[in-house]
Amino acid sequence: MSFHPKMAYGATFHKSSRQLEDEGPVSNTPPRTGRALTSSSSAIRRIGAAPRCCLRLYLVQYQQGYITANAIRHVAELLGITRADVEDVVSFYTMFYTRPVGKFVLQVCRTLSCALNGAERVTEGLMDKLSIKPGETDPTGTFTLLEVECLGACDRAPVVMVNDAWHECQKPEDAARLVDDLRARGEAALSGCHHVIERRN
């Protein structure tokens with residue numbers, strides 16, 4: 001019996017991009033976050049093809065919430081690479097979603113350090129609070145709960161990442177308070193410890 005539970009990523013938000021439907025054109029009028037697809041264009045030109053693909057996809061996901069078939073074609077055209085190249089990136093990295101997710105994606109790390117420090121109980125706390133299981137989105141479309149591999153903060157385990165913000169040293173009761181805080185204050189409740197895509201003109 002394995003100590004670590006098997007996580008079937010393909011069964012949740014990471015299905016093959018070849019199964020995606022066309023869901024409308026990709027535009028530079030972002031409905032979700034206010035970030036335009038071209039907001040980091042000068043930075044993108046200075047880095048290699050694979051990182052450029054990741055960054056473009058990341059911006060698309062910020063704009064639309066998840067990656068569509070049209071988004072894959074759009075990124076391929078922008079970068080002058082094949083659609084298969086973009087599909088490879090989308091299907092490899094679990095941070096790219098090919099199905100809609102909630103406004104707040106709660107990702108609980110389940111790798112060794114977090115597992116040994118009670119990540120499973122944190123997940124259970126979130127499940128009880130939200131009445132959903134890992135891989136599900138609550139009926140309001142506000143929260144999606146996922147279990148993921150290492151988030152890179154092993155010395156501060158257990159870690160919950162909310163969108164791009166780390167929340168470290170979490171306990172089950174902290175997780176419940178985090179949900180209440182997100183409901184009450186929205187993005188202002190995020191920790192401030194997160195990835196930033198720098199805007200350059």
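The following is an exchange about a predicted model of one protein chain.

Colleague: What should I know about the numbering and the rules behind the values?

Modeller: Residues are numbered from 1 along each chain as its sequence is written, and side-chain values use heavy atoms, with hydrogens and water left out. The model is predicted, and local features need pLDDT of at least 70, side-chain atom pairs count only at pLDDT 80 or more, and totals for chains, interfaces and linings use all residues.

Colleague: How many helices and strands are in the protein chain?

Modeller: Helices (H or I, at least four residues) and strands (E, at least two) are DSSP runs, numbered from the N terminus. From that end the elements run α-α-α-α-β-α-α-β-β-β-β-α. The count is seven helices and five strands.

Colleague: What percentage of the residues count as buried?

Modeller: Buried means under 20% relative accessible area, exposed over 50%, and partly exposed in between (1.4 Å probe, protein chains only). Of the 201 residues of the protein chain, the buried share is 44%.

Colleague: Among contacts between residues at least 6 apart in sequence, what percentage join residues at least 24 apart?

Modeller: A contact means heavy atoms within 4.5 Å. Among the contacts in the protein chain between residues at least 6 apart, the share joining residues at least 24 apart is 68%.

Colleague: Which element gives the most to the largest nonpolar core?

Modeller: A nonpolar core is a set of buried Ala, Val, Leu, Ile, Met, Phe, Trp, Tyr and Cys residues joined through side-chain atoms within 4.5 Å. The largest has 31 residues, and Leu106, Val108 and Leu126 are among those with the most contacts inside it. At least two residues each come from β1 (104-109), α6 (119-130), β3 (143-148), β4 (160-162) and α7 (172-185). The element that gives the most, with five residues, is β1.

Colleague: Which residues are included in the second, separate core?

Modeller: This core has 15 residues. Included in it are Val60, Ile67, Val75 and Phe96.

Colleague: Why do the rings of Tyr58 and Tyr62 count as a pair, and is it stacked or tilted?

Modeller: Rings of Phe, Tyr and Trp (its six-membered ring) pair if their centres lie within 6.5 Å; planes under 30 degrees apart count as stacked, over 60 as edge-to-face and the rest as tilted. Tyr58 and Tyr62 are four residues apart in helix α2 (residues 49-64), and therefore separated by about one helical turn. Tyr58 is buried at 17% relative accessible area, and Tyr62 is buried at 18%. Because their ring centres are 5.0 Å apart and their planes stand at 55°, the pair is tilted.

Colleague: Which residues form one aromatic cluster?

Modeller: Tyr93 and Phe96 form an edge-to-face pair, 6.4 Å centre to centre with 90° between the planes. Tyr93 is partly exposed at 33% relative accessibility, whereas Phe96 is buried at 2%. The cluster consists of Phe92, Tyr93 and Phe96.

Colleague: Which residues make the nonpolar surface patch of about 320 Å²?

Modeller: Patches are made of residues with over 30% relative accessible area and no salt bridge, with like charges joined within 9 Å and nonpolar side chains (Val, Leu, Ile, Met, Phe, Trp, Tyr) within 5 Å. Phe92, in helix α4 (residues 83-92), is exposed at 60%. The patch is made by Phe92, Tyr93 and Met95.

Colleague: What is the N to O distance between Arg83 and Glu87?

Modeller: A salt bridge is a side-chain nitrogen of Lys or Arg within 4 Å of a carboxyl oxygen of Asp or Glu, and by this rule the count comes to six. Arg83 and Glu87 lie four residues apart in helix α4, about one turn of the helix. Arg83 is partly exposed at 30% relative accessibility, whereas Glu87 is buried at 7%. Their side chains meet in a salt bridge at 3.0 Å.

Colleague: Where do Arg110 and Glu147 lie, and are they buried or exposed?

Modeller: The closest N and O atoms of this salt bridge are 2.2 Å apart. The pair links distant parts of the chain, 37 residues apart: Arg110 is in the loop between β1 and α5 (112-116), and Glu147 is in strand β3. Both Arg110 and Glu147 are buried.

Colleague: Asp174 and Arg177 also meet in a salt bridge; is Arg177 buried or exposed?

Modeller: The N to O distance between Asp174 and Arg177 is 2.5 Å. Asp174 counts as buried at 19% relative accessibility. At 51%, Arg177 counts as exposed.

Note on methods: Accessible areas come from the Shrake-Rupley method with a 1.4 Å probe; for residues, only the protein chains shown count as cover.
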